[in-house]
Each structure stands twice: as C-alpha cells, then as structure tokens.
Amino acid sequence: MAKPVSIQVWNPSGKYRVVSTKSMPGTRWIRLLTDNDCRLEICTEHKTILSVDDILALIGDRCDGVIGQLTEDWGDVLFSALKRAGGTVFSNMAVGYNNVDVEAANRNGIAIGNTPGVLTETTAELAASLSLAAARRIVEADQFMRAGLYDGWLPHLFVGNLLKGQTVGVIGAGRIGSAYARMMIEGFKMNLIYYDLYQATRLENFVTAYGQFLKANGEEPVTWKRAATMEDVLREADVISLHPVLDKTTYHLINPERLAIMKKEAVLVNASRGPVIDEAALVEHLKANPMFRVGLDVFEDEPYMKPGLADMKNAVVVPHIASASKWTREGMATLSALNVLVW
Ligand SMILES: NC(=O)C1=CN([C@@H]2O[C@H](COP(=O)(O)OP(=O)(O)OC[C@H]3O[C@@H](n4cnc5c(N)ncnc54)[C@H](O)[C@@H]3O)[C@@H](O)[C@H]2O)C=CC1
Ligand SMILES: O=C(O)C(=O)CO
C-alpha cells in the first residue's frame, strides 16, 4: 500500500478528477480545468522528484487524467494504474518525452500530450546564452571579479572566441535547433552547418535570404550547408549546439571518438537531454583540452554531474533551466491543462 501524499484541492465538487504531480506557474491552467468541471488535486509534497509509488498514491482508485513532469518515470506500472482508475490521458509538462514509454501508454489506451512550441524561443535563447558565456568565459571572469582578483586590464586576460564570421553547427535542426541557428546567424553573422535526419528547408531559405540581404548592404553574406554526416558538423563548426530528441539514435551521440574530431577551441552546448553526451568522456576531454569549452543545461544523471565536471573552469553549467521564462512556463502549464481537456 503506497504512502499517502499531500495535496491541495481545487473545485472539490468537480466531476472529473485530474491530478497534477507538481504545482505549475500561473493560474490560467487551474482556471481552465476548474471551469471545465474538473476537481483538481495538486501534489504539495516537499520532494523534488516523485517516485512511482508516490504517483500511484496520487492516482488512487479513480482518476481521469494526470499532468506530470519530465523527472517522472511514466511506464507500464503508472499507465496500467491510471487505466484501472478509469483514466484516459497523461499530459507531460515538457516537449521532450523520453521519460514516457509511449508503447506502454498505447497498450493501456492512455493518450499522451506534450508541450511543443511555447518553449522554442526561450530554450533557444538559453542555448545562445550558454554559447556566449562559454565562448567569452563569462562565468570564469565573474568568479575572478568576485574573488577580488582583478587588479587591472591586461592583454591576455580572459581571452575567448569571436563568433562573427565563424561557423555555427546545429545537430537536430527542429523547432529549437532552427530558432537557435537563426539567433546565432542574425545576431553574430555566423555561417551554418547542420545535421538532421530531415531537411530544414525553412531554415535554409532564411539563411539564403539573409545572406542576400547582407550582400546587398555591402556585408559578407552568411552561408548554410546541410551536412551529410554528423562528423562533418563536428569537424567544421566552431560552436556546436545539440538539439535532437533523446532516443536510441542520439544516446551518447557525443562520444570520445566524436570529441576527438572537434576543433581544439570549439564550444559545445547541450540544452537537449544529458545522455546525448557521454559526460564522463566529456570531463576527460575538458581536462585534456583547456581551450575547449562547454555550456551545459542538462546532465546525464540529473540532478548529479559526473565526477570532475564541477571542477572544470572550461564548463558553464546551469540546472536544466532552458525553458524557464515566465511566459513559457505559464504557456507550458496552459498547454498541459488543454492536453487533458481535449481528451
Ligand atoms: N533543456 C531544456 O529545458 C529543454 C530541452 N528540450 C529538448 O529539446 C528537444 C528538441 O525539442 P524540439 O526542437 O521542440 O523538437 P523537434 O522535434 O522540433 O526537433 C528535434 C529534431 O531532432 C531531429 N533528430 C531526431 N533524431 C536525430 C538524429 N539521430 N540525429 C540528428 N537529428 C535528429 C529531428 O529530426 C528533429 O528535427 C526535446 O526533445 C527535448 O528533449 C526541449 C525544451 C527545453
Ligand atoms: O520541455 C522539455 O523537454 C524540457 O526539458 C523542459 O522544458
């Protein structure tokens, strides 16, 4: 018997019982559910990551739908419990759904929702921030200032990489990868090389048109190239940002062999999912190549970092905050509620 978990209840007399495993930003999502005859129960347990047992207790004997989080393991155990409780829908408050066993959901007749689109620009902006922070050594320089070490301008102090005219590499040129590419191209006049299973036609057309605009204004035009292999991107790009889904084709996509072919002074950014990089291999590479820099929003064993990563000055690390703008998080919450309601 699972231990009960603490909850906050909205609209207690609502006909449909919907559970949210976390409180989410804004109030629109709550209004949407309560206006549509839902009794909403929000888990208030002081625990960052809920276990399968905690969620089983939340589902209970009768539950029509659940809004859950990317930190939770949604597999057969939870989907069959939701089915037994009369549920028909699970809404993941994230665009990435590698925490969801879609086949198990299908077997149990549970519809799945995710939250694409509302987080595209916010996530791309964080990837761009990490690119700049790593290229220009912002965190190292900030720590140096705060430590009282600055005693005057020096020609060699925190010399980093210029982005203008360099090549930005994007692996996974979907919604976020394309938005990131546009930011780096428009903002810093970088040339693009990308690798994706599919052609990013709109992105290519944008770079072509922007290149023509620059040329017409007497500036060096930007260019694009769709790489035949991922290795071509890794070899050629000065800044590489990873934006694919996490699945078995992208697990440890960045491994020791691929790190070895990257430029010694390249910047690597990951705001997709941690296991896309072999993080232990990355730590070794950072140790051996002090001019190679990374910006990481996600980690292989979240919330932990692989041993040694936290000591690396050439790594900028932030705690999975790429979609964390107020507008986006409220949008994700709203979409999560809508995904429950359409079923
Ligand atoms: N760090 C964070 O807070 C956030 C992380 N994400 C992650 O970003 C991912 C991408 O999100 P979107 O751009 O909205 O999805 P999307 O589906 O638009 O783009 C993913 C792209 O990856 C490509 N892809 C799939 N397998 C590939 C492979 N083996 N090699 C190269 N490319 C491959 C797809 O063809 C697609 O174009 C999500 O799945 C999620 O895991 C998304 C939002 C926030
Ligand atoms: O949406 C996702 O996939 C995230 O990682 C958090 O926004």
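Around ligand 2 sit Leu70, Ala94, Val95, Gly96, Leu119, Arg273, His320, Ser323 and Met332, where a residue is near a molecule if one of its heavy atoms lies within 4 Å of it. This is a predicted model, so local features need pLDDT of at least 70, side-chain atom pairs count only at pLDDT 80 or more, and totals for chains, interfaces and linings use all residues. Residues are numbered from 1 along each chain as its sequence is written, chains are lettered from A and ligands numbered from 1 in the order in which they are written, and side-chain values use heavy atoms, with hydrogens and water left out.

Now for the polar contacts of ligand 2 (pairs of N or O atoms within 3.5 Å; within protein, one must be able to donate a hydrogen and the other to accept it, and residues adjacent in sequence count only if both atoms are side-chain atoms). A polar side-chain atom of Arg273 comes within 2.7 Å of a ligand 2 oxygen, and one of His320 lies 2.8 Å from an oxygen of ligand 2. Gly96 joins in with its backbone, a polar atom of which is 2.9 Å from an oxygen of the ligand.

His320 turns up again at ligand 1, where an N or O atom of its side chain is 3.3 Å from a ligand oxygen. Ligand 1 has 26 residues around it, and the closest are Arg175, Ile176, Asp196, Thr249 and Asp297. Backbone atoms take part here too: a polar one of Ile176 is 2.9 Å from an oxygen of ligand 1, and a polar one of Ala271 is 3.0 Å from a nitrogen of ligand 1.

Stepping back, the domain assignment, which is automatic or taken from a database, splits the protein chain into domain 1 (7-116 + 326-341) and domain 2 (120-317). Their centres, taken over C-alpha atoms, are 34 Å apart. Eight residues of domain 1 are in contact with five of domain 2, contact meaning heavy atoms within 4.5 Å.

What about the inside? The largest nonpolar core (buried Ala, Val, Leu, Ile, Met, Phe, Trp, Tyr and Cys residues joined through side-chain atoms within 4.5 Å) has 52 residues, and Trp29, Leu33, Tyr180, Ile185 and Leu192 have the most contacts inside it. Helix H5 (residues 120-135) gives the largest share, eight residues; helices (H or I, at least four residues) and strands (E, at least two) are DSSP runs, numbered from the N terminus. Both domain 1 and domain 2 contribute residues, so this core lies between them. Take Ile185: leaving out residues up to four places away in sequence, Ile185 touches Val168, Met190, Leu192, Phe206, Val207, Tyr210 and Val222. Apart from this core lies another, of 29 residues, with Leu234, Leu242, Leu268 and Leu309 among them.

Helix H11 (residues 279-288) has Glu279, Ala281, Leu282, Val283, His285 and Leu286 buried, that is, under 20% relative accessible area (exposed is over 50%, partly exposed in between; 1.4 Å probe, protein chains only). Their cover includes helix H10 (256-261) and strands S11 (267-270), S12 (293-296) and S13 (315-317).

Finally, have a look at Ser20 in strand S2 (residues 16-20). Ser20 counts as buried because its relative accessibility is 0%. A polar atom of the Ser20 side chain is 2.6 Å from the backbone oxygen of Lys22. Beyond four places in sequence, Ser20 touches Trp29, Leu40, Glu41, Ile42, Cys43 and Ile67.
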